[in-house]
Amino acid sequence: MADTPTVRWGIVTTGLISSWFVEDLALPRGDAKAKHVIQCIGSSSVEKGQAFVKEHIASLSPTLYGTYDEVYADPNVDVVYIGTPHAFHKKNCLDAINAGKHVLCEKAFTITAKEAREVFAAAKAKGVFVMEAMWTRFFPLMRTLQKLIHEDKVIGDVSRMFCDFGQAKELASLGPDSRFKSLALGAGTLLDVGIYSLTFGLVTLDPGVGESAEMPKIAAQQTLSDGVDIATTAVLLYKSGRQGIVTSSALFKTPDVFCRIEGSKGYITVEGDAVSRPEYFIVHPTVPESKGGAPSKRYDFENPKRGFYWEADAVALDVAAVKKESSIMPWAETIRVMEIMDEIRRQGGAKYPQDDE
Ligand SMILES: NC(=O)C1=CN([C@@H]2O[C@H](COP(=O)(O)OP(=O)(O)OC[C@H]3O[C@@H](n4cnc5c(N)ncnc54)[C@H](OP(=O)(O)O)[C@@H]3O)[C@@H](O)[C@H]2O)C=CC1
Ligand SMILES: O=C1OC[C@@H](O)[C@H](O)[C@H]1O
């Protein structure tokens, strides 16, 4: 284990995602590629931090701060994890970067592609590692799915894919300051969950990532309620004729079979309780077994607790290798995702204050 890198994390916020992230970091794992230390937690109050530790990582004793700035200034922090609502990501990232810290920032990375470019320009100038926490891309399931589709060509030439991430949010019961309702916080299904449907489209229709990937044309529609998109449908149109239909909704929960990828020799269904956390997939030949075809094959994956440790391990390995960006989620890929979402919103009508900046 001499070569196992150690990362000392500074956690910014005590919200839902931060609780999921620290619980996963603290999980004992035989196959861990890195050691993760929860060095400190920054919150709007120290009391919130105390309650957070007690509830989620009771056996640990991180330093507790009542401001985020103290996390950025802590000399014992290697990487800052940012779990604020979307609208604050740009400022939080810039503050951490300016303090010389590496950063893992939750999705959606920013509100607009322009904001993302500003953050990466600052990271480049400071020479620090920065990555969007698009955790799903780091799952062994996702890596295997991409290999089977693009290298092994198990379903032949891919022609179409569909992916939907819907959640029944009961928006009427939420207050105006909820991150699911407030445009000032970046509310809307596209940035919150549509980004996962889009991710499945991008990784299954094209083997490239970032600069080596094709920018698809977009045709999109959105349903707005008080300016917030509560449903989004986007078609990804590739030069080859490949098409992806990626959707999101705050009105209905997606069934467990949330994604289908179709090819000339068969199709794949990806399944699980949430698109962000796929559990297994099944490769189906075009001709079913009942009609003389080969049997379908199911691929299952070990995913204890939730699966945030895959991205955390990847960050630790990249930082130890003195890399500034991830090869799985490089800066150009985050910018491409943000540009696509900008275009979906331009066509669909969802607008944020940041669009005018
Ligand atoms: N990868 C994944 O599976 C998931 C990712 N996310 C992402 O994580 C981010 C946060 O989402 P989530 O954890 O659900 O949000 P929460 O509302 O649960 O938590 C957000 C936290 O941000 C801090 N905060 C700072 N300013 C504000 C403000 N004005 N309003 C509200 N909160 C504020 C608060 O922490 P404090 O008081 O401690 O400072 C708050 O607890 C989003 O980018 C979201 O997309 C969310 C869920 C799952
Ligand atoms: O990233 C996410 O994935 C899981 C969802 O429950 C959550 O709303 C979203 O932010």
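This report describes the sheets, the helices packed on them and one ligand site in a predicted model.

## Annotated N-terminal region

An unreviewed UniProt entry annotates residues 8-132 as "domain: Gfo/Idh/MocA-like oxidoreductase N-terminal". Over residues 8-132, helix makes up 40% of the chain and strand 22%. The C-alpha atoms at the two ends of this stretch are 18 Å apart.

## The six-stranded sheet

Six strands form an open sheet in the order S3-S2-S1-S4-S5-S6. The pairing is parallel. Strand S3 (63-65) and strand S6 (130-133) are the edge strands, and each pairs on one side only. On average, neighbouring strands of this sheet are turned by 25 degrees against each other, direction ignored.

Four bridges link strand S4 (residues 79-82) with strand S5 (residues 102-106) in the parallel sense. Here valine 79 stands opposite histidine 102 in S5. Helix H4 (residues 89-98) packs on the sheet and touches strand S1 (6-12), S4, S5 and S6. The direction of H4 makes about 170 degrees with that of S5. Helix H8 (residues 309-320) lies across S1, strand S2 (35-42), S4, S5 and S6. H8 runs at about 120 degrees to S1.

## The eight-stranded sheet

A second open sheet has eight strands, ordered S8-S9-S10-S7-S11-S12-S13-S14, with mixed pairing. Strand S8 (217-225) and strand S14 (297-300) each have a single partner strand, so one side of each is left without a neighbour in the sheet. Neighbouring strands of this sheet are turned by 10 degrees against each other on average, direction ignored.

Strand S13 (residues 280-285) and S14 run antiparallel and are joined by four bridges. Isoleucine 282 has arginine 298 in S14 as its bridge partner.

H7 lies across strand S7 (158-166), strand S9 (228-237), strand S10 (243-249) and strand S11 (257-263). H7 runs at about 160 degrees to S7. H9 also packs on the sheet, where H9 touches S8 and S9. The direction of H9 makes about 60 degrees with that of S8.

## Where H7 meets H9

Helix H7 (residues 189-205) packs against helix H9 (residues 331-348) at an angle of about 115 degrees. Their axes are 11 Å apart. The crossing is right-handed.

H7 contributes Leu190, Leu191, Ile195 and Leu198 to the contact. H9 contributes Val337, Ile340, Met341, Ile344 and Arg345. By class, the contact has eight nonpolar residues, no polar ones and one charged.

## Around ligand 2

Asp192, Val193, Ala274 and Ser276 surround ligand 2. This shell divides into two nonpolar residues, one polar and one charged.

How values were computed:
Residues are numbered from 1 along each chain as its sequence is written. Chains are lettered from A and ligands numbered from 1 in the order in which they are written. This is a predicted model: local features need pLDDT of at least 70, side-chain atom pairs count only at pLDDT 80 or more; totals for chains, interfaces and linings use all residues. Axes are lines fitted to C-alpha atoms, for helices over the stretch in contact, and angles run from 0 to 180 degrees between N-to-C directions. A crossing is left-handed if the near helix is turned anticlockwise from the far one by less than a right angle, and right-handed if clockwise. Two residues are in contact if their C-beta atoms, placed from the backbone, lie within 7 Å. Ala, Val, Leu, Ile, Met, Phe, Trp, Tyr, Cys and Pro count as nonpolar, Asp, Glu, Lys and Arg as charged, and the others, Gly among them, as polar. UniProt positions are given in the numbering used here, feature names are shortened, and annotations may be inferred rather than shown by experiment. Two strands pair if DSSP finds at least two bridges between them. A residue is near a molecule or strand if its C-beta atom, placed from the backbone, lies within 6 Å of it.
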